[in-house]
Amino acid sequence: MLDGSAPDMWPVSLQGVRFARGGRALLDGLDLALAPGGITALMGPNGAGKSLTLRMIAGLIAPDAGRVAWGENAAPAKGAVALVFQKPVLLRRSAAANVDHALAVAGVGRRDRAARRDALLAMAGLERLADRPARALSGGEAQRLALARALAAEPRLLLLDEPTASLDPAATAAIEALARRIADQGTTILIVTHDAGQARRIADRAVFIHAGRVVEDAPAERLLTAPQSPQAQAYLAGRLLL
């Protein structure tokens, strides 16, 4: 993995970002900065702008106002960021071929692909399923394959959009262990999650957004145990946020 401390892209920041559709502000003056290292949990109620924030960081959507910056640059270097969706789209190929394709797109030469592919599959615990069609994998296996594929370009920032939604506890535990291992090897992770238990288990930092703005940003244990904002307090107590 690449060392996430490379100076050409840090800090990744959203500065006064606004994004509206149909006359409604979905992001409304959002400020967020990511330094290299660790796992940050992005939390908040449905409609708060969490997934939209990931897509904006990934460069899939441009803000109506404000700025997304990568260090001194307006866009990340090729391959510096990878986004894994809640429901990954996999090629109609084997698990190994999915990773091979990602490596080819990342510019890895044929001579090096097999070793890199095997290492990524092993990291994801999928080496025994290398020849299985990706569409025949279980939900948890498919998500681990999506993670392995996302790592082909050695991203410095990995964006995860509710990667364990609808998965059983065993599959969730496997994804969380893999995410922690990826972070420990130097890739910074920003994960959208509704699960306070998950944030407590794997996150170093937690950011709570509501109505398109960051309302609290703190070490994960502190925010989850003693939230300071009324919005985070209500959310973690199970009350609806209007």
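# Reading two sheets, a helix and a pocket

Q: Let's start with helix H1: which strands does H1 lie across, and at about what angle does H1 run to E2?

A: H1 lies across E1, E2 and E4, and its direction makes about 60° with that of E2. Keep in mind that this is a predicted model. To read such an angle, remember that it is taken between N-to-C directions and runs from 0 to 180 degrees.

Q: How are the strands E2, E1 and E4 arranged?

A: For any sheet, read off the order of the strands, then the sense of the pairing. Here 3 strands make an open sheet in the order E2-E1-E4, with antiparallel pairing. E2 and strand E4 (65-70) are the edge strands; each has a single partner, so one side of each has no neighbour in the sheet. Averaged over neighbouring strands and ignoring direction, the turn of one against the next is 20°.

Q: How many bridges join E1 to E2, and how many join E1 to E4?

A: Counting bridges comes next, since two strands pair if there are at least two bridges between them. E1 and E2 are joined by 8 bridges; strand E1 (residues 12-21) and E4 are joined by 5. You can check the register residue by residue: alanine 20 is opposite alanine 25 in E2, and leucine 14 is opposite valine 68 in E4.

Q: What links E1 and E2?

A: They form a hairpin, with just 2 residues between them. Look at the turn for backbone angles: glycine 22 there has a positive phi of about 60°. There's another glycine to look at after H1: glycine 59 also has a positive phi, near 85°.

Q: Is leucine 32 buried or exposed?

A: The cut-off to have in mind is that buried means under 20% relative accessible area. Leucine 32 has 4% relative accessibility, so it counts as buried. This residue sits in strand E2 (residues 24-34).

Q: Which residues is leucine 32 in contact with, beyond its neighbours within four places in sequence?

A: Seek out contacts that sequence adjacency doesn't explain. For leucine 32 they are Val12, Ser13, Leu14, Thr53, Arg205, Val207 and Val214. You can also compare separations: leucine 32 and isoleucine 57 are 25 residues apart in sequence, while their C-alpha atoms are 10 Å apart in space.

Q: How many residues of H1 are buried, and which?

A: As a general guide, an α-helix has 3.6 residues a turn, so residues three or four places apart point the same way. In this structure, 6 of the 8 residues of helix H1 (residues 50-57) are buried. They are Lys50, Leu52, Thr53, Leu54, Met56 and Ile57.

Q: What is the strand order in the sheet that holds E7?

A: Same routine, new sheet: 6 strands, open, in the order E5-E6-E7-E3-E8-E9, with mixed pairing. E5 and strand E9 (213-219) are at the edges with a single partner each, so one side of each lacks a neighbour in the sheet. The average turn between neighbouring strands is 15°, direction ignored. H1 packs on this sheet as well, touching E3, E5, strand E6 (157-161), E7 and strand E8 (205-210), and its direction makes about 150° with that of E6. Helix H4 lies across E5 and E6, at about 165° to E5.

Q: How does E7 pair with E3 and with E6?

A: E7 runs parallel to E3, over 4 bridges, and parallel to E6, over 5. Leucine 42 is opposite valine 192 in E7, and leucine 157 is opposite threonine 188.

Q: Which way do the residues of E7 point?

A: Follow the side chains along the strand. Thr188, Leu190 and Val192 point one way and Ile189 and Ile191 the other, with all of them buried.

Q: How much space lies in the largest pocket?

A: The idea is that rolling a probe the size of a water molecule over the atoms shows where empty space is left. The largest pocket holds about 640 Å³. It's lined by 24 residues, with Ala82, Ala102, Arg149, Ala150 and Ala153 closest to its centre.

Q: What does its lining consist of?

A: Sort by class, then by element. The lining has 18 nonpolar, 2 polar and 4 charged residues. Strand E5 (81-84), helix H2 (95-105) and helix H4 (139-150) each give at least two of its residues, and E5 has the largest share, 4 residues.

Conventions: Residues numbered from 1 in each chain as written. Predicted model: local features only at pLDDT ≥ 70, side-chain atom pairs only at ≥ 80, totals over all residues. Heavy atoms only, no water. 1 Å grid on protein atoms, 1.4 Å probe; cavity = no way out; pocket = protein on both sides within 12 Å on 5 of 7 lines; lining within 4 Å. Points joined across faces, edges and corners; volume = space filled by probe spheres on them. Nonpolar A, V, L, I, M, F, W, Y, C, P; charged D, E, K, R; others polar. Buried < 20%, exposed > 50% of the residue type's maximum accessible area, 1.4 Å probe, protein only. Contact = heavy atoms within 4.5 Å.
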